[in-house]
Amino acid sequence: MTAAGPCRVLVLTGAAAPFSRTRTAAELVCREIAGTGSTSVLRDLAEHPLPLLHTEADGSADLADLRAQAECADGMVWVTPCYHGSYSAILKNCLDHLRPQTLHGKPVGVVAVGASLTAVQASEHLRTVARALGCVTAPTQVVVVHRGSSWEKDTDPRTDDRIPRMIAELHALAGATALLRRGAAMTDALSSADRA
């Protein structure tokens with residue numbers, strides 16, 4: 001990460017099971033972020049479950065904390081297992097709870113974990129969701145493959161460079177979009193004042 005100063009990255013882990021391979025991949029992402037001098041905040045959704053959207057009041061402490069972390073993050077990384085060719089339901093529920101103004105223009109990196117390279121489908125689905133939420137996705141996505149009881153990065157030798165490259169892109173995007181996000185927030189505030 002050389003394009004801008006240190007930033008704060010919220011890493012969301014979307015596996016329902018604790019101590020998952022997805023959590024291991026997220027911890028690897030956090031170590032790489034720390035190595036750049038930036039700060040990561042790991043939020044494991046298995047440890048911090050959220051109510052289903054519209055089933056309970058928005059007043060839970062976990063939800064308030066999640067929203068606060070998302071608000072102050074310069075960028076995010078979404079790490080998901082691949083379930084039936086797509087990303088996890090608990091990650092989708094988490095994203096549904098986040099406010100659009102918090103996500104609009106925010107840089108996002110995507111990591112998918114699966115038994116084969118077909119896990120790329122989960123990352124592609126997440127990129128579509130990020131685009132719908134107004135996020136800016138890092139061009140590089142990461143697929144981590146596990147086989148049986150072991151797991152390893154995708155057998156493509158270039159994969160060793162994919163997490164650092166994704167983080168570098170995320171960092172550059174955080175610097176590039178910061179002014180745009182501040183400008184949009186000011187425009188929204190002025191529009192609200194005009195309507196009042």
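What percentage of the 196 residues in the protein do the buried residues make up? I looked this up before anything else, keeping in mind that the model is predicted, and found that buried residues account for 46% of the 196 residues. For the surface, I noted that the protein exposes about 9,600 Å², of which carbon and sulfur atoms supply 56%.

**Entry 1: overall layout**

I counted six helices and seven strands, and reading along the sequence I wrote down the pattern β-α-β-α-β-α-α-β-α-β-β-β-α. I then turned to the contacts with a separation of 6 or more, and found that residues 24 or more positions apart account for 77% of them.

**Entry 2: strand 1 and its partners**

I went next to strand 1, residues 8–13, which runs parallel to strand 2, residues 39–44, with six bridges joining the two. The chain passes from strand 1 through helix 1 (residues 21–34) to strand 2, and I recorded this β-α-β crossover as right-handed. Looking at individual pairs, I found S40 of strand 2 as the bridge partner of V9, while T13 stands opposite D44, also in strand 2.

Strand 1 also runs parallel to strand 3, and here I found five bridges, with L12 having W78 of strand 3 as its bridge partner. I checked how covered strand 1 is, and five of its six residues turn out to be buried.

**Entry 3: charged pairs**

How many salt bridges does the count come to? The count comes to six, and I followed three of them in detail, beginning with R23.

The side chains of R23 and E27 meet in a salt bridge at 2.9 Å, N to O. These two residues are four apart in helix 1, and so are separated by about one helical turn. That spacing fits the general rule that an α-helix has 3.6 residues a turn, so residues three or four places apart point the same way. I noted that E27 is partly exposed, at 30% relative accessibility, whereas R23 is buried, with a relative accessible area of 18%.

R23 also forms a salt bridge with D44, again at 2.9 Å from N to O. Because D44 lies in strand 2 and R23 in helix 1, this pair ties together parts that are 21 residues apart in sequence. I recorded both D44 and R23 as buried.

The third pair I examined is R43 with D65, whose closest N and O atoms are 2.8 Å apart. R43 is in strand 2 and D65 in helix 2 (residues 61–72), 22 residues apart, and I wrote this down as a link between distant parts of the chain. Is each partner buried or partly exposed, and at what relative accessible area? I found R43 buried, with a relative accessible area of 1%, while D65 is partly exposed at 34%. Finally, I traced the salt bridges that share partners, and they join R23, E27, D44 and E47 into one network.

**Entry 4: nonpolar cores**

Which residues have the most contacts inside the largest nonpolar core? This core has 28 residues, and I found L12, M76, W78 and L95 to be those with the most contacts inside it. The elements that each give two or more residues to this core are strand 1, helix 2, strand 3, helix 3, strand 4 (107–114), helix 5 and strand 6 (142–147). Helix 5 contributes the largest share, four residues.

I listed the contacts of M76, leaving out residues up to four places away in sequence, and among them are V9, L10, L12, A70, L98, L103, V108 and L170. I then found a second, separate core of 21 residues, which includes L28, I33, V77 and M166.

**Entry 5: helix 3**

In helix 3, residues 89–97, I found L91, N93, C94, L95 and H97 to be buried. When I asked what covers them, the elements I found included strand 1, helix 2, strand 3 (75–81) and helix 5 (120–132).

**Entry 6: G175 in helix 6**

My last look was at G175, which sits in helix 6 (residues 162–195). At 39% relative accessibility, G175 counts as partly exposed. I compared its position with that of P6: G175 and P6 are 169 residues apart in sequence, and their C-alpha atoms are 9.5 Å apart in space.

Note on methods:
Residues numbered from 1 in each chain as written. Predicted model: local features only at pLDDT ≥ 70, side-chain atom pairs only at ≥ 80, totals over all residues. Heavy atoms only, no water. Pairing = 2+ DSSP bridges. Right-handed = clockwise from strand over helix to strand, strands pointing away. Buried < 20%, exposed > 50% of the residue type's maximum accessible area, 1.4 Å probe, protein only. Contact = heavy atoms within 4.5 Å. Areas by Shrake-Rupley, 256 points an atom, 1.4 Å probe, with all protein chains shown as cover. Salt bridge = Lys/Arg side-chain N within 4 Å of Asp/Glu carboxyl O. Core = buried A, V, L, I, M, F, W, Y, C linked by side-chain atoms within 4.5 Å.
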